[in-house]
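Colleague: I should like to learn how to read the features of a protein model. May we go through them one by one?

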Amino acid sequence: SDGTLSSPSTPYHLIVGADGMHSKLRSHYAGHFFKKQKSSVVVSQDRIDDWDKSDQEECNAVEDRQYTVFRGCSPMTIKEMGADGYSFQTWGEGDSMRFAVVSMVHPTSSSDKGNKKEEQVWFITTSDPKISSESDASVRKKLLMKKFQNWHDPIGRLIESTPPDDILMERALAHRHSVGPVFNVAEIALHELELNERRNKRKKYGFEHLDIGEKNRALKESPNLGPALFFVGDANMT
């Protein structure tokens, strides 16, 4: 929270992945469902590797939700906003329309933590292409106000009090699937080591010739499964 970085050599029991839509932690560790099991059907190892790769890519796939998100910070105070200071979210019946606001109180600067500033952090969603295709920020703000003009107070006032250049616009992208926590980081690391070894051997010899090596074998036999990984901001939260 103070902006300092932890040493990479520090051991961890829990890691929370909150590094955005294109999270490297999630894309690397989430979505592995490989199982080592016996089967009466003979399937080549390279086919099993391909299946695991495609399954893992599908679990981490990102899709367009077909609407646009607009975000702003109104300078209104909690008292000026009204609504008894409560955060709220309102859903519409068409065009993926939604509005939400959360009150924020924070220091005006890191050197003067006693002086507080109030802001109302809000977002709007809509699939109306006329608004998202408008390049002029002032015109885009007017279109937003018109689109939500019949919505309850203080929605209109929050939009109106926000400078147009401060209203951010982004396409709504989200993971296609939510994923659970990962408790077998070490197993995934071993799996990838073996996978790379198999690929290298195929390139060199043209056939399966695998020796996982001493380091890999030590990892395989270690009782330590690695830290647990949890991913936040997932598909079910979008």
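Modeller: Certainly. In this predicted model, Val105 stands opposite Glu118 in strand E5. The setting is the antiparallel pair of strand E4 (residues 98-109) and strand E5 (residues 112-126), joined by eleven bridges.

Colleague: What holds the strands of a sheet together, and in what order do the five strands of this open sheet lie?

Modeller: In general, strands of a sheet pair through backbone hydrogen bonds, either parallel or antiparallel. Here the open sheet has the order E3-E4-E5-E2-E6, and the pairing is antiparallel. Strand E3 (88-91) and strand E6 (168-175) stand at the edges; each has a single partner strand, so one side of each lacks a neighbour in the sheet. Neighbouring strands are turned by 30° against each other on average, direction ignored.

Colleague: How many salt bridges are counted?

Modeller: The count comes to nine salt bridges. One of them joins Glu63 to Arg176, with the closest N and O atoms 3.7 Å apart. Glu63 lies in strand E2 (residues 62-74) and Arg176 in the loop between E6 and helix H7 (185-205), so this pair ties together parts that are 113 residues apart in sequence.

Colleague: Are Glu63 and Arg176 buried or exposed?

Modeller: Glu63 is partly exposed, at a relative accessible area of 27%, and Arg176 is partly exposed at 37%. Salt bridges that share partners join Glu58, Glu63, Arg65 and Arg176 into one network.

Colleague: How many disulfides are there?

Modeller: A disulfide is a covalent bond between the sulfur atoms of two cysteines. The count here is zero. Cys59 is buried at 12% relative accessibility, whereas Cys73 is partly exposed at 34%.

Terms used: Residues numbered from 1 in each chain as written. Predicted model: local features only at pLDDT ≥ 70, side-chain atom pairs only at ≥ 80, totals over all residues. Heavy atoms only, no water. Disulfide = S-S within 2.5 Å. Buried < 20%, exposed > 50% of the residue type's maximum accessible area, 1.4 Å probe, protein only. Pairing = 2+ DSSP bridges. Helix = DSSP H or I, 4+ residues; strand = E, 2+ residues; numbered from the N terminus. Axes fitted to C-alpha atoms, helices over the stretch in contact; angles between N-to-C directions. Salt bridge = Lys/Arg side-chain N within 4 Å of Asp/Glu carboxyl O.
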